Amino acid sequence: MDDRGHDVAPAVETTADEIAAMEIRGAATIADAAAEALAIQAERSDADRPDAFERQLRAAAKTLYETRPTAVSLPNALRYVLAGMDGETVAELRASIVDRAEEFRRDLDRAQSKLGSVGANRLRDGDVVMTHCHSTDALACLEAAVEDGIEIEAIVKETRPRLQGHITAGQLREWGVPVTVIVDGAARRYLDRADHVLVGADSIAADGSVINKIGTSGLAVLARERGVPVTVAAQTIKLHPDTMTGHTVEIERRDEREVLDEEARAAITDGVDGTDDGLTAENPAFDVTPPRYVDAIVTEHGQFPPETIVTLMRELFGETVDEPWERSEITG
Ligand SMILES: O=C(COP(=O)(O)O)[C@H](O)[C@H](O)COP(=O)(O)O
């Protein structure tokens, strides 16, 4: 039994804790880790009956699902793997989950490299690309461009409060791309030098809205003002099926101490008598960029103006939103 009251393998709990603590982070990486964790649950299950095995798998999925609410790649991954659970015996069920998780992880990889080639087509020699946060889908486009011999430069927003921009900067330097790191507030000034804004996504809604790291929407508005095109790199696992029926995407609110730690709080309240209940910090982790500020969404199926993404969603999910991220209850 884990701290969340679910009967799951310790390795699944560890993965869930790492996702919650953002040691595993970024929508695609979270999906990959969740699929791997379900395979581990299947491999290590001590269930002696098929119904007990299924219950454990659904409990593991629930434990993973409850970690972070915004990246739809997480429930999409869990549902996809669970939907492949098939067999009459524990051994058959186990094999089906392990195979399905492997297939999922392979497809995720393939989709990202395909998307990378599509996105690289938007870049030309000498282009300067401004990034926000750290997105493996966005980086796949830049990697493909570098591999094609296209010379690019990057302006990397540091991305407060967790500074994921530093991860982006490190990766780009490894590939030999010249990088300028800026504070988030300097974006407007540096957009004058940028030819593209390139970001990832945690979820894409049916109306083409892009849900990504807090600060993305402000950057997109500024980019429109400056006439710099905004490209969103997002595999179809980021398409949010529930938004096809009018649901909105939950925005994660993280601990205020990420914004204002105890030392900073103490410095601000120095001289205030007693407990200063009047000082709070807000820490929404994501925001919503309306489709009118986005020029293109790049997926493994090609690139789309955001307003047309619903057509791709209908093609992939059908009217019943069954495919390819098949619906199946995460809990039993
Ligand atoms: O907003 C973030 C990460 O937020 P956090 O650091 O809070 O998880 C990334 O842009 C998307 O998840 C896409 O990443 P990827 O392209 O790797 O899926």
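**Exercise 1. Count the cavities of 30 Å³ or more in the whole structure, then describe the largest.**

Step 1: Searching the whole structure turns up five cavities of 30 Å³ or more. A cavity here is a set of points, on a 1 Å grid over the protein atoms alone, where a 1.4 Å probe fits but cannot get out. Keep in mind that this is a predicted model, where local features need pLDDT of at least 70, side-chain atom pairs count only at pLDDT 80 or more, and totals for chains, interfaces and linings use all residues. Residues are numbered from 1 along each chain as its sequence is written, and side-chain values use heavy atoms, with hydrogens and water left out.

Step 2: The largest cavity comes in at about 200 Å³ (volume is the space filled by probe spheres set on the points, which are joined across faces, edges and corners).

Step 3: Its lining has 21 residues, with Arg-25, Gly-26, Ala-27, His-134 and Asp-202 nearest the centre (a lining residue has an atom within 4 Å of a point). Helix H2 (27-44), helix H6 (136-147) and strand S6 (210-213) each give two or more residues to that lining; helices (H or I, at least four residues) and strands (E, at least two) are DSSP runs, numbered from the N terminus. H2 has the largest share, three residues.

Step 4: Sort the lining by class and you get six nonpolar, nine polar and six charged residues (Ala, Val, Leu, Ile, Met, Phe, Trp, Tyr, Cys and Pro are nonpolar; Asp, Glu, Lys and Arg are charged; the others, Gly among them, are polar).

**Exercise 2. Work out where the ligand sits and what it touches.**

Step 1: The ligand sits in the largest cavity (more than half of its atoms lie within 2 Å of the grid points). H2, H6 and S6 each give two or more residues to the shell around the ligand.

Step 2: That shell splits into six nonpolar, six polar and six charged residues. Of the 18 residues surrounding the ligand, the closest are Arg-25, Ser-135, Thr-136, Asn-212 and Lys-213 (to count, a heavy atom must lie within 4 Å).

Step 3: Now look for polar contacts (pairs of N or O atoms within 3.5 Å). A backbone N or O atom of Ala-28 is 2.7 Å from a ligand oxygen. A polar side-chain atom of Thr-136 is 2.6 Å from a ligand oxygen, and a side-chain N or O atom of Asn-212 is 2.7 Å from one.

Step 4: On its own the ligand exposes 460 Å², and the protein buries 100% of that (Shrake-Rupley areas, 1.4 Å probe).

**Exercise 3. List what lines the second largest cavity.**

Step 1: This cavity holds about 60 Å³ of space.

Step 2: Its lining is Ile-30, Arg-68, Pro-69, Thr-70, Ala-71, Leu-74, Asp-202, Glu-252 and Phe-286.

Step 3: By class, that makes five nonpolar, one polar and three charged.

**Exercise 4. Locate the cis peptide bond and the positive phi.**

Step 1: The bond from Arg-160 to Pro-161 is cis, with omega near 0 degrees. Pro-161 is in the loop between strand S2 (153-157) and helix H7 (165-174).

Step 2: Met-22, a residue other than glycine, has a positive phi near 65 degrees. Look for Met-22 in the loop between helix H1 (10-20) and H2.

Conventions: On a 1 Å grid over the protein atoms alone, a cavity is a set of points where a 1.4 Å probe fits but cannot get out, and a pocket is an open set with protein on both sides within 12 Å along at least five of seven lines; lining residues have an atom within 4 Å of a point. A polar contact is a pair of N or O atoms within 3.5 Å; within protein, one must be able to donate a hydrogen and the other to accept it, and residues adjacent in sequence count only if both atoms are side-chain atoms.
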